[in-house]
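Hi,

Here is the structure I promised to pass on. Have a look at it first, and then read my notes underneath.

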Amino acid sequence: MSYNPCGVILLSKMSKIFSRYIRTFAAFSLALGFAVSSVLSASASPATRERHRQLQQQHQDAQRELRTQQNLLGNTRHEMSELMLEMQALDQEMGDVAEALEGIELAFLDAQIRIADAEDALQAARDNYDSQFETLRSRVRVMHEEGSLAMFEVLFQAESITDFFARWEFMRVTAQFDRDLLESIQETEHAISSHIEDLSRWSMMVETLQFQKERTQENLEFLYAERTEWFERLAEDEAMLAELFAIAEHEERMAASAFGDIQAQLRREEDQIARERAATAHSERLARLNNFDGQFMWPIPSHGRITSGFGTRFHPILRRYRHHSGIDVGAPTGTRLYAAADGYVRFAGWSGGYGNTVIIDHGNGYSTLYAHNSRNRVTTGQFVTRGQHIADVGSTGMSTGPHLHFEIRINNVAVNPANYLPI
């Protein structure tokens, strides 16, 4: 039995991607909820705010449940991945053990062959021993029947000295044969003992090898069966948790959708209230502007020197006399200019010889103009309040140096600012 390592790698990658997706999704949902909640004011209807609170709580509960199921599923998949790696290592170990068992099997067969050889050698030694022992027994019986005198009679019956020595040599050889026979019997007895020891040793080795083989195989099969059963249980848990996660994901989507709908409703109500408030504020401002009494503040408090007054004057650039519709106040470039009264910015931009210009409508027919600015700080349509920073002194347009050209107009006709300013 073997496992595909690609499956382990794929499962590990899926688990990581899955975890990254959940973390990103949860962070995005949480950030979105905080962002929307932070811009919703308490001005929406009580019923809508209560419904928003309930759905927000449901959404947060659904997100917590989704994260819980994700953690359980991720932990189970991680455990399965670890177990698959362990089983893969166990499978490799079983392969190594199988090779070792083959070696044990060869050693077992070799031991059996050696036992058979030892049994054959033992049987041959016993047969040889029996034969030698029978020969020895015959010799002893003959010697007993004839006695030791018979041997001397054989010698004395010699017919010549040569015959005597021949008989003597025969008797000596016979005695040597008897001694050799005894020694051979002793050696055979030793060989038999040695073969018995070999037979016993190889028999014990065979029993040991057989025990090791069976024990090792049983242990591996037990471990493998135990981990297989564990993995099957984890697979069942993983399937169940995946189903629970899918349910939690669906419920979270439903809660997010309902929460999004109530957020949209809150935004619509908030926008409507904001529009109503803006309209009310606009009406209040118009009413205040329509009651404007023509009292202005000095537009450049840090400087009060008028370099050119209202009325006919010799134009320094055109080199001829013409009407000067305002007053010029000398000041360095960048000096702040302030709105002389509340009003709406009727114009903010470039206006021919005036250069950068701001015109403010104060209501009741009154307006002010601020020209030659280095930079305008307000935009057309913006409501400004008395004393608000609206521009910076400059020398844009037809100008010989940095200064403020300031006009007061009534029904679009320029009047002398000195009559309306606290000069």
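The salt bridge count comes to eight. Keep in mind that this is a predicted model, so treat everything below as computed from it. Three of the bridges are worth pulling up on your screen.

Start with R53 and E50, whose side chains meet in a salt bridge at 2.7 Å, N to O. Both residues belong to helix 2, which covers residues 46–146, and they sit three residues apart, about one turn of the helix. R53 has a relative accessible area of 44%, so it is partly exposed. E50 is partly exposed too, at 35%.

Next, go to helix 4, residues 161–290. There, E229 and R233 form a salt bridge at 3.4 Å, N to O. The two are about one helical turn from each other because they are four residues apart in helix 4. E229 comes out at 46% relative accessible area, which makes it partly exposed, and R233 is also partly exposed, at 43%.

What about R409: buried or exposed? Its relative accessibility is 19%, and buried means under 20%, so R409 counts as buried. R409 makes a salt bridge with E407, with the closest N and O atoms 2.9 Å apart. E407 is buried as well, with a relative accessible area of 0%.

Back on helix 4, there is also something without charges to look at. I247 lies in that helix and joins M240 and L244 in a nonpolar surface patch, with about 250 Å² of accessible area together. I247 itself is partly exposed, at 41% relative accessibility.

Then there is a sheet. It is open, has three strands in the order 5-11-9, and pairs in the antiparallel sense. Strand 5 (336–338) and strand 9 (375–376) are at the edges with a single partner strand each, so one side of each has no neighbour in the sheet. Strand 11, residues 389–392, pairs with strand 5 over three bridges. If you want a spot to zoom in on, L337 stands opposite A391 in strand 11.

Finally, a word on confidence. The mean pLDDT of the protein is 78, and 78% of its residues reach 70 or more. Residues 1–14 stay under 50, and the model has 17 contacts for them beyond four places in sequence. Residues 16–42 are also below 50 in pLDDT, with 29 contacts in the model beyond near neighbours in sequence.

Cheers

Conventions. Residues are numbered from 1 along each chain as its sequence is written. This is a predicted model: local features need pLDDT of at least 70, side-chain atom pairs count only at pLDDT 80 or more; totals for chains, interfaces and linings use all residues. Side-chain values use heavy atoms; hydrogens and water are left out. pLDDT is the predictor's confidence in each residue, from 0 to 100. Contact means heavy atoms within 4.5 Å. Two strands pair if DSSP finds at least two bridges between them. Patches are made of residues with over 30% relative accessible area and no salt bridge: like charges are joined within 9 Å, nonpolar side chains (Val, Leu, Ile, Met, Phe, Trp, Tyr) within 5 Å. Accessible areas come from the Shrake-Rupley method with a 1.4 Å probe; for residues, only the protein chains shown count as cover. A salt bridge is a side-chain nitrogen of Lys or Arg within 4 Å of a carboxyl oxygen of Asp or Glu. Buried means under 20% relative accessible area, exposed over 50%, partly exposed in between (1.4 Å probe, protein chains only).
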